[in-house]
Amino acid sequence: MASLDFEREESRFRAFYAAQRPALEAACAAFTSAIAGVVGDARSVDVSKVEGRVKDVDECIRKFARKYRPGLEESNTPYEIQHWITDLVGVRVVCLYEDELEKVAQIVRSHFAVIDVTDKASAVESTEASFGYKGLHLDLRPGQRDLPALAAHADQPFELQVRTIIQDSWSVLDHKIKYKKSIPGQLKRRINVLSALFELADREFRQIRDETAAELLQAPDETEEVGAEMDGDAATAPKYSSLGSELNAFTFLKIATHFFKDFEFDPSKVDSFVDDIQAWSPGITRARFNTLMRETVGTVKRYKQHFEEQNPQGSFNPYTVIRHCLYLANRTQFRPALRNVAREAFESWLADNG
């Protein structure tokens with residue numbers, strides 16, 4: 001039975017915890033896997049990691065003694081510690097961007113029963129006396145309809161923490177800062193500044209993401225040249241007026257996606273490939289790159305057809321096409337674009353079909 005004897009209830013909780021630990025570990029693994037599955041199926045969020053843990057027994061007792069024991073004993077209310085620890089099992093989802101926290105929460109709500117929601121970030125922002133930037137916490141139970149694999153753990157609540165990478169990093173560091181409440185004003189101000197920098201970093205990453213996406217979606221200006229389709233007539237392509245802006249990942253993609261409409265360019269490969277082009281031709285502009293492509297793509301298109309007929313298992317992807325176009329445009333400057341074997345095969349075909 002519940003009592004007001006803390007030492008007795010602590011002993012009972014330790015016994016309860018030891019007996020339940022295997023079941024808690026099993027529930028933690030099941031919840032972590034289920035959360036990873038439902039969040040991973042969503043294409044609207046970028047998740048860095050999903051992890052779970054069973055709360056340490058000593059941490060549970062310290063939490064109860066700090067948050068609940070004083071009020072319960074003051075009101076003469078008997079207690080059992082396990083009934084007050086709702087996060088014995090915890091799962092954490094770490095997202096890339098702050099506007100994805102609520103998206104994850106909405107996904108989870110459709111599969112789990114929500115007991116309570118706490119917006120830690122809002123709580124921090126509401127007072128100057130608090131430190132930290134901790135994201136969104138939800139107390140959950142398995143739902144009744146979905147995820148039948150969780151039926152064995154239907155009575156086990158768990159806490160879901162949803163954070164950004166920045167918030168997660170701050171939380172780790174925040175736990176290492178001692179004496180955060182009663183500290184000299186100068187130190188408190190420095191911690192506040194540090195917390196604000198973390199928050200600013202979160203917002204900057206989101207804004208950079210949004211502006212990058214907007215840049216890639218932006219239609220070319222009327223003064224810009226756009227690439228001709230690979231299967232179209234390059235001679236009919238409009239031309240720059242030209243302001244000669246640099247070739248970078250954004251301008252490369254605007255041109256390349258006109259030549260290769262059905263190809264999905266991987267950002268990391270684009271970054272590396274543009275870096276290579278800039279090394280072969282320092283200061284190359286987007287206008288120059290597009291002109292080289294227009295002037296040579298017809299010939300390279302014919303060579304691609306020949307190559308694929310002769311090498312059914314070979315690869316001649318858009319990057320390979322671009323390499324050949326650049327080499328054909330300037331054999332000296334873009335010689336590194338092709339390896340010796342590819343260069344010799346291309347030159348042999350050009351000699352026969354030029």
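**Exercise 1. Place Leu 200 in the structure and decide whether it is buried, partly exposed or exposed.**

Step 1: Leu 200 sits in helix α7, residues 185-217. Helices here are DSSP runs of H or I with at least four residues, strands are runs of E with at least two, and both are numbered from the N terminus.

Step 2: Before going on, know your model: it's predicted, so local features need pLDDT of at least 70 and side-chain atom pairs pLDDT 80 or more, while totals for chains, interfaces and linings use all residues. Residues are numbered from 1 along each chain as its sequence is written, and side-chain values use heavy atoms, leaving out hydrogens and water.

Step 3: Grab the cut-offs: buried is under 20% relative accessible area, exposed is over 50%, and partly exposed is in between (1.4 Å probe, protein chains only). Leu 200 has 44% relative accessibility, so it counts as partly exposed.

**Exercise 2. Which elements give two or more residues to the largest nonpolar core?**

Step 1: A nonpolar core is a set of buried Ala, Val, Leu, Ile, Met, Phe, Trp, Tyr and Cys residues joined through side-chain atoms within 4.5 Å. The largest one has 40 residues, and Phe 13 and Ile 35 are among those with the most contacts inside it.

Step 2: Now read off the elements: α1 (6-40), α2 (57-67), β2 (89-95), α4 (101-109), β4 (136-142) and β5 (158-164). Helix α1 gives the largest share, 12 residues.

Step 3: Zoom in on Phe 13. Skipping neighbours within four places in sequence, Phe 13 is in contact (heavy atoms within 4.5 Å) with residues including Val 57, Cys 60 and Leu 88.

**Exercise 3. What kind of aromatic pair do Phe 6 and Phe 64 form, and which helices hold them?**

Step 1: Rings of Phe, Tyr and Trp (its six-membered ring) pair if their centres lie within 6.5 Å; planes under 30 degrees apart are stacked, over 60 edge-to-face, and the rest tilted. The structure has 27 such pairs.

Step 2: Phe 6 and Phe 64 are 6.5 Å centre to centre with 5° between the planes, a stacked pair.

Step 3: Phe 6 lies in helix α1 and Phe 64 in helix α2, so the pair ties together parts 58 residues apart in sequence. Phe 6 is buried at 9% relative accessible area, and Phe 64 is buried at 0%.

Step 4: Try Phe 346 and Trp 349: with centres 6.5 Å apart and planes at 10°, this pair is stacked too. These two are 3 residues apart in helix α12 (residues 340-353), about one helical turn.
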